[in-house]
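Visitor: I would like a close look at a single part of this protein, followed outward to the parts around it. Please keep to plain words.

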Amino acid sequence: MENKKINRAGYLMFICLLFYTASLAQPLKVGVAGLNHDHAYGLMNQYKNGEVEIIGIAEPNNELVQRYKERYKLPDSIFYTSVSEMLKHIKPDAVLAYNAIADHLAVVEACAPKGVSVMVEKPLATTVAQAERMAMLARKYHIQLLTNYETTWYPSNQQVYDIVNKEQTIGEVRKMIVHDGHPGPVEIGCSKYFLEWLTDPVKNGGGAIIDFGCYGADLMTWLMKGQAPVAVTAITHHIKPNIYPKVDDDATILLEYPKATGIIEASWNWPFGIKDFEVFGDKAYLHALNNNDLERRDTMNYHAVQTKPLIYKDNLSYLAAALKGEIRDTYDPSSLETNLIVVKILEAARESAKTGKRVTLSP
């Protein structure tokens with residue numbers, strides 16, 4: 001009789017464990033704010049692979065709605081014309097913003113009072129004023145407000161961070177260089193919906209200086225563990241005014257730290273796409289050539305460094321962990337605190353490029 005009780009108890013524990021494990025494996029239920037950012041195609045591929053459940057999409061452009069409906073076999077019932085209307089009908093785990101950078105604020109204004117967390121595509125905002133209002137709302141209503149960068153999910157970049165800040169084997173950081181660019185959004189075939197705001201100085205906040213400058217500002221702020229630069233200097237070029245009449249298409253941004261320098265090279269004028277990250281310590285040098293390949297040089301010779309799998313492989317796995325309170329790093333690449341600094345850097349860079357002067361950052 002006693003054995004039967006033990007077996008029954010064990011069976012019940014096993015069943016509970018199965019249900020618990022199944023619940024952990026459940027994909028996030030998300031709402032989507034906007035479809036006019038071409039990064040939304042990445043989300044749709046995650047949806048097709050069963051990695052996320054899309055329960056609502058807010059998009060006012062009917063032509064764009066029909067395009068996504070047909071391509072991804074999305075039901076009419078999940079589409080709404082605004083985020084506010086969408087949130088009257090669904091209760092998502094979070095809302096993912098795939099709209100113009102200047103429209104991120106409106107998404108947070110709609111979501112935060114309802115306690116709905118938000119993840120936006122990079123960068124967080126076009127101005128410091130927008131970013132600070134978004135941060136105020138996130139803190140007031142206790143939601144997660146996160147920013148998604150492709151480069152966050154590069155094992156090579158994570159390895160650079162670990163070598164610099166955990167292993168501490170290259171010495172003190174002296175210089176960081178980030179190259180981010182490609183031939184240009186028109187040249188690589190971005191959609192007309194994306195180009196409409198990406199090449200607008202208000203909706204995007206600028207051209208290459210924002211679109212690609214944000215990657216370097218994010219990586220450097222992360223590597224420096226949330227330390228903002230003392231000052232920012234930037235120059236921009238308008239090499240293809242016939243294609244990009246309203247915004248810059250090439251930018252170089254210099255970040256001054258007390259004992260280090262950061263150089264961000266952002267361009268829509270390169271022969272091919274590049275996203276790399278160089279770090280010079282006072283003892284060694286690291287170069288993340290792409291998402292997986294990392295080289296180190298201690299003397300005259302380079303050698304490959306084996307990269308490790310990431311704990312969070314993409315924005316969805318990271319977001320799920322953040323919603324559960326599992327993320328402890330205040331200054332990781334997606335965090336609100338890091339991205340407030342990123343927006344300050346970008347706004348200072350824009351001002352410097354316009355005035356030709358070095359711009360100091362207020363504490």
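Guide: Q168 is exposed, because its relative accessible area is 56% and exposed means over 50%. The model is a predicted one. Q168 belongs to the loop between helix 7 and strand 7. Its phi is positive, near 55°, although Q168 is a residue other than glycine. In the chain, Q168 follows helix 7, and that helix is the part to look at next.

Helix 7 covers residues 155-167, and 10 of these 13 residues are buried, so the helix is largely enclosed by the rest of the structure. The buried ones are P155, S156, N157, Q159, V160, Y161, D162, I163, V164 and N165. An α-helix has 3.6 residues a turn, so residues three or four places apart point the same way. The buried residues of helix 7 pack against one other helix and several strands: helix 10 (213-223), strand 7 (173-181), strand 11 (274-281), strand 12 (285-288), strand 13 (294-297) and strand 14.

Strand 14 spans residues 302-305, and V305 is found in it. V305 counts as buried because its relative accessible area is 18%, and buried means under 20%. Leaving aside residues up to four places away in sequence, V305 touches Q159, I163, L294, E295 and R296. Two of these, Q159 and I163, are also listed among the buried residues of helix 7. V305 and L286 are 19 residues apart in sequence, and their C-alpha atoms are 9.2 Å apart in space.

Helix 10 is the helix in that list of packing partners. C214 is buried, with a relative accessibility of 0%. No disulfide includes C214: the nearest cysteine sulfur, that of C190, is 14 Å away. A disulfide would need the two sulfur atoms within 2.5 Å. The count of disulfides for the model is zero. After helix 10, the loop that leads to strand 8 (231-237) holds K225. K225 is a residue other than glycine with a positive phi, near 55°.

Another part of the model can be read in a similar way. Six strands form an open sheet in the order 3-2-1-4-5-6, with parallel pairing. Its edge strands are strand 3 (79-80) and strand 6, each of which pairs on one side only. Strand 6 runs parallel to strand 5, and four bridges join the two. In one of the pairings, V118 has L145 of strand 6 as its bridge partner. The loop between strand 5 and helix 6 (128-140) contains P123. The peptide bond from K122 to P123 is cis, with omega near -15°.

Helix 11 has several strands of this sheet among its neighbours. The parts that cover its buried residues include strand 1 (28-33), strand 2 (52-58), strand 4 (94-97), strand 5 (117-121) and strand 6 (145-148), as well as helix 2 (40-48). Helix 11 consists of residues 315-323 and is mostly covered, with seven of its nine residues buried. Those seven are N315, L316, Y318, L319, A320, A321 and A322. At the N-terminal end, D314 caps the helix: a side-chain oxygen of D314 lies 3.2 Å from the backbone nitrogen of L316. Helix 11 is followed by G325, whose phi is positive, near 80°.

Notes:
Residues are numbered from 1 along each chain as its sequence is written. This is a predicted model: local features need pLDDT of at least 70, side-chain atom pairs count only at pLDDT 80 or more; totals for chains, interfaces and linings use all residues. Side-chain values use heavy atoms; hydrogens and water are left out. Buried means under 20% relative accessible area, exposed over 50%, partly exposed in between (1.4 Å probe, protein chains only). Contact means heavy atoms within 4.5 Å. A polar contact is a pair of N or O atoms within 3.5 Å; within protein, one must be able to donate a hydrogen and the other to accept it, and residues adjacent in sequence count only if both atoms are side-chain atoms. Two strands pair if DSSP finds at least two bridges between them.
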